[in-house]
Amino acid sequence: MHLLPLVSTEQIRQWDHETIHKQGVPSLQLMEQAALAFVRAFQKREVEKKGEVWVFAGMGNNGGDGLAIARLLRQCGYRVRVWILKIKETGSPDFETNLARWQRMQTTTFIRSEEDFPAIPDDAVVVDALFGTGLSRPLDGLPAALVQHLNAHARRIVAVDVPSGLLPQQLPQSDSVVRAHLTITFQLPKLCFVLQDFAPYIGEWEVVDIGLSPAYLPVILKESREYLLTAAWARNTYKPRERFAHKGTYGHALLWCGSKGKMGAAILCARACLRAGVGLLTVHAPACGYVPLQTAVPEAMVSVDEQEECLSSLPDLLPYVAIGAGPGIGQQEETLHALQELLVRATCPLVLDADALNLIAAHPELKKYIPVHSILTPHPKEFERLLGYRWQHEFELLDSLRAFAKQHQVYVILKRAYSIIACPGGDLFFNTAGNAGLAKGGSGDVLTGIITALLAQGYSPKEAACLGVYWHATAADEAVKRQALSTLLPTDVVESLGAVSWIHSHMKYV
Ligand SMILES: NC(=O)C1=CN([C@@H]2O[C@H](COP(=O)(O)OP(=O)(O)OC[C@H]3O[C@@H](n4cnc5c(N)ncnc54)[C@H](O)[C@@H]3O)[C@@H](O)[C@H]2O)[C@@H](O)CC1
Ligand SMILES: [K+]
């Protein structure tokens with residue numbers, strides 16, 4: 001387990017409710033725990049205490065959190081000021097209690113109209129505690145004006161739980177949503193945190209544990225259809241090498257890749273496949289690839305195509321338990337025919353990438369031949385070609401991914417920042433590891449090699465897709481410790497596959 005469910009605000013409210021009413025944790029105590037968790041994260045990130053912290057609080061529980069945070073930050077030595085958006089007579093009970101506690105230490109200023117908006121100093125950090133998950137509709141009137149004032153004048157905004165004005169289940173359409181630089185959110189990440197359309201509002205984000213009852217987590221996990229991949233999950237899923245293993249234990253993979261001018265793709269893919277633990281590897285490549293492959297990847301066997309410059313045939317497929325196809329193959333007519341034959345004849349799931357996907361997109365009649373449980377690894381443009389249309393927004397993208405995976409009974413990996421893995425059963429997995437150094441030709445070839453290796457070693461297609469994405473990304477994170485984002489090469493990612501920390505807990509020195 002150890003996957004993190006990405007939740008809706010409804011789910012998290014239900015969890016709050018269960019913790020308060022079934023586990024008997026008073027809501028005021030929960031608020032204090034939330035504030036404390038927030039302050040710990042805040043302290044690590046906002047170490048400068050030169051400027052003041054300006055807390056803007058609403059009158060619901062998010063505002064109550066803000067007041068408790070103000071008190072705790074003050075105790076930690078920050079200079080804190082509090083503004084309260086006064087839109088009604090009385091706030092929630094926990095807000096009122098925390099207001100009284102704060103007012104015993106320091107005064108507050110109430111904002112009743114736009115004339116009350118303060119000029120915000122450049123060195124102040126704004127804590128946005130106006131509205132949280134209780135918001136029911138987009139902001140308007142005075143709250144909307146205050147949000148716009150903060151967006152226009154605050155140099156740094158840290159949001160409590162969610163940026164105020166954001167409705168996590170709806171696209172942000174108005175400009176009355178706080179544009180936070182950092183969001184410190186409670187207990188679990190919300191689905192919108194991994195969606196591109198929400199990124200300008202959420203900024204960086206961090207999840208803090210506020211101590212909601214673990215007894216309720218299984219209910220959330222059961223209901224959830226979207227998850228975040230984590231190191232703990234990867235550690236659990238990864239199968240360590242067995243003492244009495246031999247090369248046959250870890251499968252014989254075939255990579256069907258390369259063409260003249262693109263043999264590098266085949267080489268990168270093959271190196272990644274070997275590093276990711278495959279027992280035996282054969283690369284089927286055009287004749288022009290024979291010497292480069294044998295030289296650059298001596299561990300791999302090479303099966304030579306009849307054609308000099310592009311793929312036109314298949315080897316006997318019987319020996320192989322996993323097949324990766326596509327890197328560097330080009331889109332020649334002969335290759336198209338051979339690809340169709342591969343799709344028809346393969347008896348194991350395939351990993352399909354790059355021009356294999358483009359050929360399928362250009363000849364949609366091929367889709368019906370894709371073996372069930374194959375793994376497709378398009379980047380957004382390739383997925384758009386496969387779909388035949390462009391999605392308008394991220395929620396539509398998620399629907400399209402699910403529908404495509406279900407219709408064709410395949411796993412789709414949408415490669416981008418926060419890659420998404422869509423499963424035929426409807427589950428979505430999100431990866432938040434990795435970095436912009438991966439935005440370079442050759443990164444996809446490495447991913448295909450890793451996933452093919454995992455399939456060959458007996459991982460299920462779902463595990464191979466998810467673990468492959470996570471391994472690739474965390475290897476890139478490891479590699480940038482010695483490289484800049486701009487200088488990172490796919491080769492560095494391959495070389496770092498063995499350096500990721502989650503893999504090493506399995507080493508047994510006996
Ligand atoms: N006991 C709990 O349930 C906990 C809640 N926590 C905090 O509580 C937050 C949720 O608190 P609440 O449910 O009180 O709600 P919020 O504090 O998010 O805001 C709701 C308040 O805004 C008003 N409101 C809603 N929509 C509005 C709109 N469009 N324009 C103007 N006013 C509007 C409501 O009448 C209500 O007073 C979470 O985000 C989190 O910060 C944490 O303290 C942890 C524990
Ligand atoms: K907020």
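**Figure 1. Helices around ligand 1 in this predicted model.** Let's begin with the helices that help to surround the ligand. Helix H1 (9-21), helix H2 (27-45) and helix H3 (61-75) each contribute at least two residues to the shell around ligand 1. In total, 27 residues surround ligand 1. Which of them are the closest? They are Gly60, Asn61, Asn62, Gly132 and Gly134. Sorted by class, the shell holds 12 nonpolar, 11 polar and 4 charged residues.

**Figure 2. An open sheet of 11 strands.** Follow the strands across the sheet and you will meet them in the order E1-E9-E18-E17-E16-E15-E14-E13-E10-E11-E12, with mixed pairing. Which strands stand at the edges? Strand E1 (4-5) and strand E12 (301-304) do, and each has a single partner strand, so one side of each has no neighbour in the sheet. Elsewhere in the sheet, strand E17 (residues 420-422) and strand E18 (residues 428-430) run antiparallel and are joined by 3 bridges. Look for Ile421 here: its bridge partner in E18 is Phe429.

**Figure 3. Domain 1 and domain 2 of the chain.** The chain is divided into domain 1 (4-221) and domain 2 (246-505). Their C-alpha centres lie 42 Å apart. Where the two domains touch, the contact takes 6 residues from domain 1 and 6 residues from domain 2. On the domain 1 side, these are 4 nonpolar, 1 polar and 1 charged residues. For the setting of this view, the C-alpha atoms of the chain fill a box of roughly 85 × 55 × 45 Å along the principal axes. The chain has 17 helices and 18 strands, and 49% of its 510 residues are buried.

**Figure 4. Helix H12 and its surroundings.** Is helix H12 (residues 354-362) largely enclosed or left open? Of its 9 residues, 7 are buried, so H12 is largely enclosed by the rest of the structure. The buried ones are Ala354, Asp355, Ala356, Leu357, Leu359, Ile360 and Ala361. Several elements cover them, including three strands you can pick out: E13 (322-325), E14 (350-352) and E15 (375-376). Helix H11 (333-345), helix H13 (380-387) and helix H15 (443-456) are also part of the cover.

**Figure 5. The largest nonpolar core.** This core has 169 residues. The residues with the most contacts inside it are Val55, Ile69, Leu255, Ala266, Ala270, Cys273 and Ile421. Which helix gives the most to this core? Helix H16 (residues 461-479) does, with 11 residues. Domain 1 (4-221) and domain 2 (246-505) each provide at least three residues of the core. Leu255 is a good place to pause: leaving out residues up to four places away in sequence, Leu255 touches Ala266, Cys269, Ala270, Cys273, Leu281, Val283, Gly324, Gly449 and Thr452. Links between distant parts of the sequence show up across the chain too: among contacts with a separation of 6 or more, 73% join residues 24 or more positions apart.

**Figure 6. Arg482, a residue in a loop.** Arg482 sits in the loop between H16 and helix H17 (490-495). Is Arg482 buried or exposed? Arg482 has 12 C-beta neighbours inside 10 Å, so it counts as exposed. To place Arg482 in the model, compare it with Ala456, 26 residues away along the chain: their C-alpha atoms are separated by 31 Å.

Key. Residues are numbered from 1 along each chain as its sequence is written. Chains are lettered from A and ligands numbered from 1 in the order in which they are written. This is a predicted model: local features need pLDDT of at least 70, side-chain atom pairs count only at pLDDT 80 or more; totals for chains, interfaces and linings use all residues. A residue is near a molecule or strand if its C-beta atom, placed from the backbone, lies within 6 Å of it. Helices (H or I, at least four residues) and strands (E, at least two) are DSSP runs, numbered from the N terminus. Ala, Val, Leu, Ile, Met, Phe, Trp, Tyr, Cys and Pro count as nonpolar, Asp, Glu, Lys and Arg as charged, and the others, Gly among them, as polar. Two strands pair if DSSP finds at least two bridges between them. A residue is buried if 20 or more other C-beta atoms lie within 10 Å of its own, exposed if 12 or fewer, and partly exposed in between; C-beta atoms are placed from the backbone. Two residues are in contact if their C-beta atoms, placed from the backbone, lie within 7 Å. Domain bounds come from an automatic or database domain assignment. A nonpolar core is a set of buried Ala, Val, Leu, Ile, Met, Phe, Trp, Tyr and Cys residues joined through C-beta atoms within 7 Å.
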